Amino acid sequence: MESFTFRVLSEAETRGAYHWLAELASPQFNWSVGSLEELGRCSTAFAALQEGEAKAILFYRRAGDIFEIICLATQPVWRRRGLMKELIRRFMQTAHAEGTDSGGAARVWLDVHAENEAALGLYLSLGFEVVGRRRSYYMDGGDALLLKKVLPEPAN
Ligand SMILES: CC(C)(COP(=O)(O)OP(=O)(O)OC[C@H]1O[C@@H](n2cnc3c(N)ncnc32)[C@H](O)[C@@H]1OP(=O)(O)O)[C@@H](O)C(=O)NCCC(=O)NCCS
């Protein structure tokens, strides 16, 4: 992990990730360049960069105390090296440090396709809990599981 930088991307850097994200499009993810551009306009991208390129990326939105991860991906050749786990950890540190409007604990929410075993295994290993299910939520008819993690209370 020493060769990676973890940080929020600029707009230009975010656009640079669309080409490899669009190649991952599947019935589970509608990731055309157009839909990614729309996503980029309404969210913030946080990434693991090496030599100036995002190798793993997550998109999130903040609403008060809630940080919602909208989608994430690791480039296929970089998978199973702990990169996304580290990226989510760094993201949660940033969310914790940023604090919340209420001064209380920040919460991280996300949805995952119920059959996406890789992503579900990742989230559970990071301490996320399944708190709900949205039936037939995805384009392929699959259910979404709603997951939540409450970050530690900020120190006074
Ligand atoms: C899910 C995804 C982001 C994981 O990225 P990654 O960088 O390979 O993840 P990590 O190496 O940090 O994996 C951490 C843990 O997640 C789980 N995990 C990751 N990939 C897995 C797989 N293919 N099968 C089962 N568990 C898996 C494991 O618990 C793993 O720990 P381990 O390697 O010690 O067993 C990646 O597979 C991906 O980009 N998938 C396509 C996009 C996607 O599904 N996004 C989620 C919904 S938007």
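**Ligand shell, helix H1 and strand pairing in the predicted model**

In this predicted model, the shell around the ligand draws at least two residues from each of strand E4 (66–74), helix H3 (83–98) and helix H4 (117–125). The largest share, six residues, is supplied by H4. In total, 21 residues surround the ligand, and the closest are Arg79, Met84, Lys85, Ala118 and Leu122. Sorted by class, the shell comprises 11 nonpolar residues, five polar residues and five charged residues.

Helix H1 was examined next. It covers residues 11–22, and its 12 residues should span 16 Å at 1.5 Å a residue; the C-alpha atoms at its ends are 17 Å apart, which agrees with that expectation. Within H1, the residues Thr14, Ala17 and Leu21 are buried. These residues cover an arc of only 60° around the axis, and therefore they lie on the same side of H1. The face turned away from this buried side carries Ala12 and His19, which are exposed. The packing partners of the buried residues of H1 are helix H2 (33–41), strand E2 (44–50), strand E3 (53–63) and E4.

Strands E2, E3 and E4, against which the buried residues of H1 pack, are also linked to one another in succession. E2 and E3 are antiparallel and are paired over seven bridges, with Leu49 standing opposite Ala54 of E3. The two strands form a hairpin with two residues between them. Glu51 is located in the loop between E2 and E3, and its phi is positive, at about 50°, although Glu51 is not a glycine. Most residues other than glycine have a negative phi. Glu51 has 8 C-beta neighbours inside 10 Å and so counts as exposed, a class that requires 12 or fewer.

The pairing of E3 with E4 is likewise antiparallel and extends over eight bridges. Here Ala63 stands opposite Ile66 of E4. E3 and E4 form a hairpin that also has two residues between the strands, and in it Gly64 adopts a positive phi near 60°. E4 thus belongs to this hairpin and is also among the elements that contribute at least two residues to the shell around the ligand.

A further antiparallel pair is made by strand E6 and strand E7 (residues 144–150), which are joined by five bridges. One of the pairings across these strands places Val130 with Leu147 in E7 as its bridge partner. E6 consists of six residues (residues 129–134); the number buried is zero, so this strand lies largely in the open. The loop between E6 and E7 contains Ser136, a residue other than glycine with a positive phi near 50°. Ser136 is exposed, because 10 other C-beta atoms lie within 10 Å and this class allows 12 or fewer.

Asn116 was considered separately. This residue is situated in the loop between strand E5 (107–113) and H4, the helix that gives the shell around the ligand its largest share of residues. Asn116 has 17 C-beta neighbours inside 10 Å; because 20 or more would make a residue buried and 12 or fewer would make it exposed, Asn116 counts as partly exposed. Asn116 and Gly142 are separated by 26 residues in sequence, and their C-alpha atoms are 9.9 Å apart in space.

Technical notes: Residues numbered from 1 in each chain as written. Predicted model: local features only at pLDDT ≥ 70, side-chain atom pairs only at ≥ 80, totals over all residues. Near = placed C-beta within 6 Å. Helix = DSSP H or I, 4+ residues; strand = E, 2+ residues; numbered from the N terminus. Nonpolar A, V, L, I, M, F, W, Y, C, P; charged D, E, K, R; others polar. Expected span 1.5 Å × (residues − 1). Arc of directions from axis to C-beta. Contact = placed C-beta atoms within 7 Å. Pairing = 2+ DSSP bridges.
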